[in-house]
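Student: Before we look at individual side chains, could you take me through how the descriptive words are earned? I would like each label set against its cut-off.

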Amino acid sequence: MTVLSAPSPAARERTLLWLLAAVQFTHVVDFMMLMPLGPLLMQRLGLSATRFGALVSAYTLASAAMGVLGVFWLDRLERKRTLLMLYAGFIASTLLCGAATGATGLLIARTVAGACAGLMGAVVIAIVSDVVPAERRGQAIGTVMTAYALSAVAGVPLGLGLANLGGWRAPFIVLAGLAGFVWLLLLRFLPRVDGHLSQASGAASSTAGFTPRLALGWGLTFTVVFASFLLIPYLGAFMVGNVGLSLTDLPWVYLAGGAATFVSSRWIGRMADRLGPARALALLLVATMAPHLLFTHLPPSPLPVVAVVFMLFMTLTSGRAIPTMALVASQVPPSLRGRYLAVNMAASDGASGLAAWMGGLLLSTAPDGTLIGFAQLGWLAVGISALALGMLWTFVGRAVRLDATPAP
């Protein structure tokens, strides 16, 4: 009789990381899918552009608000139970999006989905940081964050295809079904993660552990994300209005960028482990300055040239999130990590929303569709990346690494 051996610790860790990546994939697709569904929703539900904008922003604003509220309770519960509870709320609200009969119901469902998703992201990174040793944490976070690239490569196009076949409700219903399957896998394979609870009773692990020095991590995350989202929401309009691409070219460009990001995420994670997340982030902040300026000053160009520049832009820009998350997660003990990362996610959501709003204020559109001021926006993004470098230097110099093993 053949005796099956138990999975190795490395195999269990890989399974855990890909399950957490699947959680991230479902909520990123849920967030991104609404924007290309805009014309269909506006037609079927009679929405104005303003009301549709409220639908989009409700998700992010609810995520940011719940991230702040999560500081009061997120580390008081065992992490598997917390993730399952939040994910169940996300699944239910996504299903309600597909069942909504009007704009108000859809708005409420999107708000609840965003509130659950923001805290889910914090719990996912907290689990990775609790379970994976610091020397492999960058690659682990890179694995989980491949979900963002995969959502662009596969999730959003499939969602649009389902909408074309079965109406705007179909993508939400199918996504809720997929997330339900992932929930069952989490219930079966995700181990209990409660090491942080054993440390929560000490005085050093109370909420007083949040010091002004640790708040620099939130500022660092805010500036890194802000510099990116000054540009990202307007890349498509710039490529069509200024660079000369057609609307039918855009899916191919975004597909190329998503594929490049998917491949590079784990490589950037390994680089963060090898060099240290602070040094890797510093290198990426400097490296992104060139593609930010190159892309925002790009003249009318053929599709292959634009695709190559876009791939470079997205690979480096999205890659900055990996060492950022690895760095800030390493600065707090496990007993504070969930709450700290919840506020960190709120900082990220707030930065993306404020940057997109500011970018819109600084840009104008000519009668022929050309974006005016995008080159200047590129210089502003570079300046804020330089500010992030300064904050990184201050953060690394002043914050104490609290999860390191104390010297004997």
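Tutor: Let us begin with burial, where a residue is called buried under 20% relative accessible area, exposed over 50%, and partly exposed in between. The model is a predicted one, and in it both Asp30 and Arg110 are buried.

Student: What makes the contact between Asp30 and Arg110 a salt bridge?

Tutor: A salt bridge requires a side-chain nitrogen of Lys or Arg within 4 Å of a carboxyl oxygen of Asp or Glu. The side chains of Asp30 and Arg110 meet at 3.1 Å, N to O, and the pair therefore fits that definition. Asp30 lies in helix α1 and Arg110 in helix α5, 80 residues apart, which links distant parts of the chain.

Student: How many salt bridges does a search of the whole structure find?

Tutor: The search finds three. In another of them, Arg136 pairs with Glu13, and their closest N and O atoms are 2.6 Å apart. This pair also links distant parts of the chain, with Arg136 in the loop between α5 and α6, Glu13 in helix α1, and 123 residues separating them.

Student: Why is Arg136 called partly exposed, and is Glu13 buried or exposed?

Tutor: Arg136 has a relative accessibility of 36% and so counts as partly exposed, since that label covers values between 20% and 50%. Glu13, with a relative accessible area of 18%, is buried, because the cut-off for that word is under 20%.

Student: How do you know which labels belong to Asp130 and Arg79?

Tutor: Their side chains meet in a salt bridge, at 2.6 Å from N to O, and the pair joins helix α5, which holds Asp130, to helix α4, which holds Arg79. Asp130, at 25% relative accessibility, counts as partly exposed, whereas Arg79, with a relative accessible area of 2%, is buried.

Student: Why is Leu361 counted as exposed?

Tutor: Its relative accessibility is 56%, and the label therefore follows from the cut-off of over 50%. Leu361 sits in helix α15 and belongs to a nonpolar surface patch whose members also include Trp357 and Leu380, with about 590 Å² of accessible area together. Helix α15 gives the most to this patch, with five residues.

Student: What makes α13 roughly parallel to α14?

Tutor: Helix α13 and helix α14 pack at an angle of about 5°, with their axes 5 Å apart. That angle makes α13 roughly parallel to α14, because angles under 35 degrees count as roughly parallel. Where they meet, Thr317, Ser318 and Gly319 are in α13, and Ala321, Ile322 and Pro323 are in α14.

Conventions: Residues numbered from 1 in each chain as written. Predicted model: local features only at pLDDT ≥ 70, side-chain atom pairs only at ≥ 80, totals over all residues. Heavy atoms only, no water. Patch = residues over 30% accessible without salt bridge, like charges linked within 9 Å, V, L, I, M, F, W, Y side chains within 5 Å. Areas by Shrake-Rupley, 256 points an atom, 1.4 Å probe, with all protein chains shown as cover. Helix = DSSP H or I, 4+ residues; strand = E, 2+ residues; numbered from the N terminus. Buried < 20%, exposed > 50% of the residue type's maximum accessible area, 1.4 Å probe, protein only. Axes fitted to C-alpha atoms, helices over the stretch in contact; angles between N-to-C directions. Parallel < 35°, antiparallel > 145°, perpendicular 65-115°, else oblique. Contact = heavy atoms within 4.5 Å.
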